[in-house]
Amino acid sequence: MGQARALLRRLTQFLGDEAQAASELRWMTEKLEELRIMRVGRINKKQGTVSLIDVIGKRLGHYSDATSAAVERLDRQERKRLAAMVADRVERARPLQYILGTQPFCGMELLVRAPTLIPRTETEELARRVATGPNGIVARYSATKTTSPGVLPPLHVLDLCSGSGCLGLGIARLAQSEGAAVEVTGVDLSSAAVRLSRVNARREGLEAHARFVNGDVFDEAGLVRIAASPGGDSMAVFDVVVSNPPYIRPDEYVRLDASVRDWEDRRALVGQRDCGGIGTGDGLEFYPQLGRLAWRFVLEPRGGIGGWLMHAARQGWTGSRLLLLAAEVHEAQANEAGTAVVDAVNERAASHEAQAAGTSNCDGCVDGKDISLGYEVLQDHFGRDRHILVYAKTGTTNWLA
């Protein structure tokens, strides 16, 4: 038990929290045991049984004799590997997820590799809200299926700043488990992130339902080309846009913990287009662009906001609100981010209406009812404002009704 205690002390000194240190030591030990068992072929690892939220709820705990006994069960080479893992964590501040190589997420076990952003619990919560929330994808698909029985075309999700693919793949997996058909297109600037997301899609058996491509969210014309069907023979049209965009202020970035700042891609963290310098940006630069892209890929192809709502009504959607975009936000700037998205969409809608003046198009009404865009701020499980859901709705009732 001496080695286990020594490793625990070292991790505790680094983390400043014995409970967290005990959990991390146990996770490292479990990973080595898992690799050994898989190596000798004694188990066939099941996927789709664990979520990141479950792991946080169940694994946090203090050091126990069971952990010490598990360390002692390791063979000589495995104990050397465990000591190296602890050293990597302590001496290089390497994130635990990169050391373990995987992260549970929405019932999947996703690969994680530096410098691609590590999936986090708040992103898993966003995936669940988009997929299975009251106005989410499953609800919309079910409404359509009730109205139009038979084989239905999938709903199409555009995942911007897709990283490891966790958000789009999580939505696809959750929707699939509820009988809804979903196809995801993920876009990321990082080639390494795109490669990783493709591997994760294959590992999870979702490669037929998710494709990931290199692209710059600020290059709208380029996105129109790459987001079209793989054969390039059809226009890109989506049903909802999701994103976990960069949103950290440049001045805040320099104060981040070394385990984040030194390992995860700065471009996936800092919320300004040119994040090479220190900068004085507010971290909100991506949100207006998300609104413009929601217009371009969801609303414009259907004739604007009114046309989109009528399209949804023809599919059988009878809810008072229709989800347009869902995004993760900085807890201190949720309302600013939501306003930025809505303003950007409305600006495009106004331009569209001006161009359509004198025609029979009515972008501001559906069957004589006023329509509007608005957003809702939702908290994560820590009680922080973390998600914005942007909706279109009819009538003049309260947005949260």
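In this predicted model, Ala93 lies in the loop that links H5 to helix H6 (96–100). Although Ala93 is not a glycine, its phi is positive, at about 55°. Its relative accessibility is 12%, and Ala93 therefore counts as buried, the limit being under 20%. The background to this entry point is a general one: most residues other than glycine have a negative phi, and most peptide bonds are trans.

Two further sites in loops depart from that background. Cys161 is located in the loop between strand E3 (155–160) and H9. Its phi is near 60°, again a positive value in a residue other than glycine. Because its relative accessibility is 17%, Cys161 also counts as buried. The second site concerns the peptide bond itself: Ala114 and Pro115 are joined by a cis peptide bond, with omega at about 5°. Pro115 belongs to the loop between E2 and helix H7 (121–132).

These loops belong to a protein chain with 16 helices and 10 strands. Of its 401 residues, 53% count as buried. Among contacts in the chain with a separation of 6 or more, 72% are accounted for by residues 24 or more positions apart.

The helix packing can be followed from the start of the chain. Helix H1 (residues 2–15) packs with helix H2 (residues 18–39) at an angle of about 125°, and their axes are 8 Å apart. That angle makes H1 oblique to H2. H1 passes H2 in a right-handed crossing. On the H1 side, the contact is formed by Ala4, Leu7, Leu8, Leu11, Thr12 and Leu15, which meet Glu18, Gln20, Ala21, Ala22, Glu24, Leu25 and Met28 in H2. Classified by residue type, this contact of H1 with H2 comprises nine nonpolar, two polar and two charged residues.

H2 also packs with helix H5 (residues 76–92): the two axes come within 10 Å and cross at roughly 140°. Angles over 145 degrees would count as roughly antiparallel, and H2 and H5 are therefore oblique to each other. The crossing of H2 and H5 is right-handed. From H2, the contact draws on Glu24, Leu25, Met28, Thr29, Leu32, Leu35, Arg36 and Arg39, while H5 supplies Glu78, Arg81, Leu82, Met85, Val86 and Arg89. The residues in this contact of H2 with H5 divide into seven nonpolar, one polar and six charged. Glu24, Leu25 and Met28 of H2 take part in the contact with H1, and these three residues also take part in the contact with H5.

Attention now turns to helix H10 (residues 191–203). At 1.5 Å a residue, its 13 residues should span 18 Å; the end C-alpha atoms of H10 are 19 Å apart, which agrees with that expectation. Within H10, the buried residues are Ala193, Val194, Leu196, Ser197, Val199, Asn200 and Ala201. The elements that cover them include strand E2 (108–111), helix H9 (166–177), strand E4 (182–188) and strand E5 (210–214). E2 and H9 also border loops described above: the one holding Pro115 follows E2, and the one holding Cys161 leads to H9.

Further along the chain, helix H14 (residues 286–299) packs with helix H16 (residues 334–355) at about 45°, with axes 7 Å apart. H14 and H16 are therefore oblique to each other. H14 passes H16 in a right-handed crossing. In this contact, Tyr287, Pro288, Gly291, Arg292, Trp295 and Leu299 of H14 meet Ala337, Ala340, Val341, Ala344, Val345, Arg348, Ala349 and His352 of H16. The contact residues of H14 and H16 divide into 10 nonpolar, two polar and two charged.

Leu293 is another residue of H14. Its relative accessibility is 0%, and Leu293 therefore counts as buried. Not counting residues up to four places away in sequence, Leu293 touches Leu160, Val217, Glu220, Leu223 and Val298. The C-alpha atom of Leu293 is separated by 9.9 Å from that of Leu325, which is 32 residues apart from it along the chain.

Helix H15 (residues 305–314) completes the account. Its buried residues are Ile305, Gly306, Gly307, Trp308, Leu309 and Ala312. Just after H15, Gly316 takes a positive phi of about 110°.

Notes:
Residues numbered from 1 in each chain as written. Predicted model: local features only at pLDDT ≥ 70, side-chain atom pairs only at ≥ 80, totals over all residues. Heavy atoms only, no water. Axes fitted to C-alpha atoms, helices over the stretch in contact; angles between N-to-C directions. Helix = DSSP H or I, 4+ residues; strand = E, 2+ residues; numbered from the N terminus. Parallel < 35°, antiparallel > 145°, perpendicular 65-115°, else oblique. Left-handed = near helix turned anticlockwise from the far one by under 90°. Contact = heavy atoms within 4.5 Å. Nonpolar A, V, L, I, M, F, W, Y, C, P; charged D, E, K, R; others polar. Expected span 1.5 Å × (residues − 1). Buried < 20%, exposed > 50% of the residue type's maximum accessible area, 1.4 Å probe, protein only.
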